[in-house]
Amino acid sequence: MIGDIRKATAKIAERFKRRYYGRTFRCPVCHLELALVDVNGNRLMVCPVCGVVLDVEEVYGHTVPVVLDVEIHRPQPKTRIHPLATHIPIGLYPFAVLGAGLLAIASILGPAIPGLAPLVIRAPILADATLVLLVLSVGFSVVTFVSGLRDWYRRYRRRPYAQIRLKIVFSVIFLVLGGLAIALHASGAAFSATTGLVDLGSPLAIALAAAELGVLCAGMVVIATLGHVGGTLVFGR
Amino acid sequence: MEFNLSPEQQEAVEKARTFTKQWIAPYATKYDRSGEFPLEICREAFKQGFMNPHIPDEYGGTPHRVLDHCLILEEMCTGCSGIATAIDANGLSQYPVILAGNDDQKRRFLAPMTEELMFSAYAVTEPEAGSDVSRVKTTAEKVGDDYVLNGVKWWITNGSVASWYFVLARVDDKPTGFIVPADSPGVVRGPKEINIGQHASNTVRVTLEDVKVEARNRLGEEGDGFQIAMKTFDHTRPGVASGANGISKAALNIALSYAKRRRTFDKKLISNQGISFKLAEMMTRLDAARFLTYKAAWLFDQGLDNAREAAEAKWFAADVAMQAAIECAQVLGGYGYTSEMPAEKLIRDAKIYQIYEGASEIQKMIIVGKLMRMKEVY
């Protein structure tokens, strides 16, 4: 079962990579997956992880990277804001998703199971906590985004890397999704401002709650991918 | 004596090269690591007309020459010999039908393969009968108008995707060829064998348990099977040799590209005589192997006996490929020993050419057998 899920995920990731990265190869030293399109006009590229200078040529369809040099002294960020800040949205966001999920479950099961009443009464607190978590995680993701860009300028000298392109695009997507989720949650149209639950009698409220949950889940996939890609840039393969 | 390729051959080579660079080489590592069958690539190969080149034109194929096929196969094996084997393995099972099949058999089994993507497999090898094909133990017992087959076939290429098999079995101790549809009750396909190389090629065990085969699916007469199986190799061995040449070409290209760019002792690697001589030797051996291969194919196309030349080509090209792959790894140094560079895959892939479709020692036996019938060698 787990094997099948892993296979399916790998297949989706493979398709995604083929579509957006194009042809890839691995750094022969640290094994990081690099995109052939990132090789510059002189066939050179510097591995973002291990710093080897590669001369990459396609020979009869095979990619042959040749190590020419190693960048020993690489610019290091003076203040490590990005790696510190990045843990805040990644750490808080799943709890915001969990909060919204619990509110949705409580909205459905609350009327049916009287035993849940003491918990359902406290739903507004959970709704508020969810909003706070969302605001904090999305707010800190702005800091993460800006500090990440700064690191790209300094540490990676604005060199094109598929991973960094992906991180920039996904960060913007996350900000948009996060902003949307905050707007929906804060408006009280999806989860009522007074009860903290979804008004099951209103089709609009149900639709908006479903939309919020959908946006939150999509954001979860995006932020997980961002974390994974960021990890590969630090630790390699 | 003409060494140039005709414009049509040149065009076919260019087309195969483009296909290789676009569809085979970029996915070689992926399929090598996953061991999956490259169905998508086969589909594209079928679309572009690279599959089933052996089928005669009256059954939906195209006019075919073994030499043309060798040229194309060499290109495809330069990308990945495992994927190329998956694409080309149909030929080995189709040829017994082309050689000994009647019109009805050709219409039922060959013609459909030109209309849609289908696979077939040559099921002759058994656990105790590889090079010594005459030892096959699979039995075919005549029951009424049908035959009932029992036995185990091993290392059957394309075995788990095939729609039918060419099976060699004994009828009263006489080796006889049969076409066995894969959906016949009693045909059991085993799991994929984990070989050291050519991971994209699907190699499985096929067990035949009381498999009923109609008499109309028997190829030739009872007892013709050994001749059919052996004659097939005269046709296919130049192709196998050209596959080995593809590996040699890939090894040479990779080693050359690396040697021209890698720097050592303040100069390019290729400036060191020890390295440059390796490349010169690889090129010369590749050319020699190619000429043997092309001659064996050309003889077949002329309708002449090519058994000796096919054996020479297969043996020599296989050894050249093995040596070229090892030398490629040597030129790449430590990188040649890592799995991120293509050299190690070439070594794993090349080895099988010294073993399948008659091991190198069998090829030498064929050559000596021919020599023994000669008074003088010209």
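Me: Which residues are linked in a network of salt bridges?

Reply: The network links Glu14(B), Arg17(B), Glu74(B), Glu75(B), Lys249(B), Asp287(B) and Arg290(B), where a salt bridge is a side-chain nitrogen of Lys or Arg within 4 Å of a carboxyl oxygen of Asp or Glu. This is a predicted model, in which local features need pLDDT of at least 70, side-chain atom pairs count only at pLDDT 80 or more, and totals for chains, interfaces and linings use all residues, while side-chain values use heavy atoms and leave out hydrogens and water. Residues are numbered from 1 along each chain as its sequence is written, whereas chains are lettered from A and ligands numbered from 1 in the order in which they are written.

Me: What makes Glu75(B) and Arg17(B) a salt bridge?

Reply: Their closest N and O atoms are 3.1 Å apart, so the pair meets the salt-bridge criterion. The pair links distant parts of the chain, with Glu75(B) in helix 3 (residues 66-79) of chain B and Arg17(B) in helix 1 (residues 7-34) of chain B, 58 residues apart; helices (H or I, at least four residues) and strands (E, at least two) are DSSP runs, numbered from the N terminus.

Me: Why does Glu75(B) count as buried or exposed?

Reply: Buried means under 20% relative accessible area, exposed over 50%, and partly exposed in between, with a 1.4 Å probe and protein chains only. Glu75(B) has 3% relative accessibility and therefore counts as buried, whereas its partner Arg17(B), at 24%, counts as partly exposed.

Me: How do you know that Glu33(A) forms a salt bridge with Lys17(A)?

Reply: The closest N and O atoms of Glu33(A) and Lys17(A) are 2.8 Å apart, so this pair also satisfies the definition. Glu33(A) lies in strand 2 (residues 33-35) of chain A and Lys17(A) in helix 1 (residues 2-20) of chain A, so that the pair, 16 residues apart, links distant parts of the chain. With a relative accessible area of 19%, Glu33(A) is buried, while Lys17(A), at 21%, counts as partly exposed.

Me: At what N to O distance do Asp173(B) and Arg170(B) meet in a salt bridge?

Reply: The side chains of Asp173(B) and Arg170(B) meet at 3.3 Å. Asp173(B) has 59% relative accessibility and so counts as exposed, whereas Arg170(B), at 17%, counts as buried.

Me: Why does Lys167(A) have no salt bridge?

Reply: The nearest side chain of opposite charge, Asp151(A), is 8.8 Å away, so the salt-bridge criterion is not met, although Lys167(A) is buried. Lys and Arg count as positive and Asp and Glu as negative, with His and the chain ends not counted. Lys167(A) lies in helix 6 (residues 162-187) of chain A and, leaving aside its neighbours within four places in sequence, is in contact with His82(A), Leu226(A), Val229(A), Gly230(A) and Leu233(A), where contact means heavy atoms within 4.5 Å.

Me: How does the radius of gyration of chain A stand against that of a compact globule?

Reply: A compact globule of 237 residues would have a radius of gyration near 18 Å, but chain A has 22 Å; the radius is taken over C-alpha atoms, and the globule rule is 2.2 Å times the number of residues to the power 0.38. The C-alpha trace of chain A spans about 70 × 40 × 25 Å along its principal axes, and 42% of its 237 residues count as buried. Chain A has 7 helices and 5 strands.
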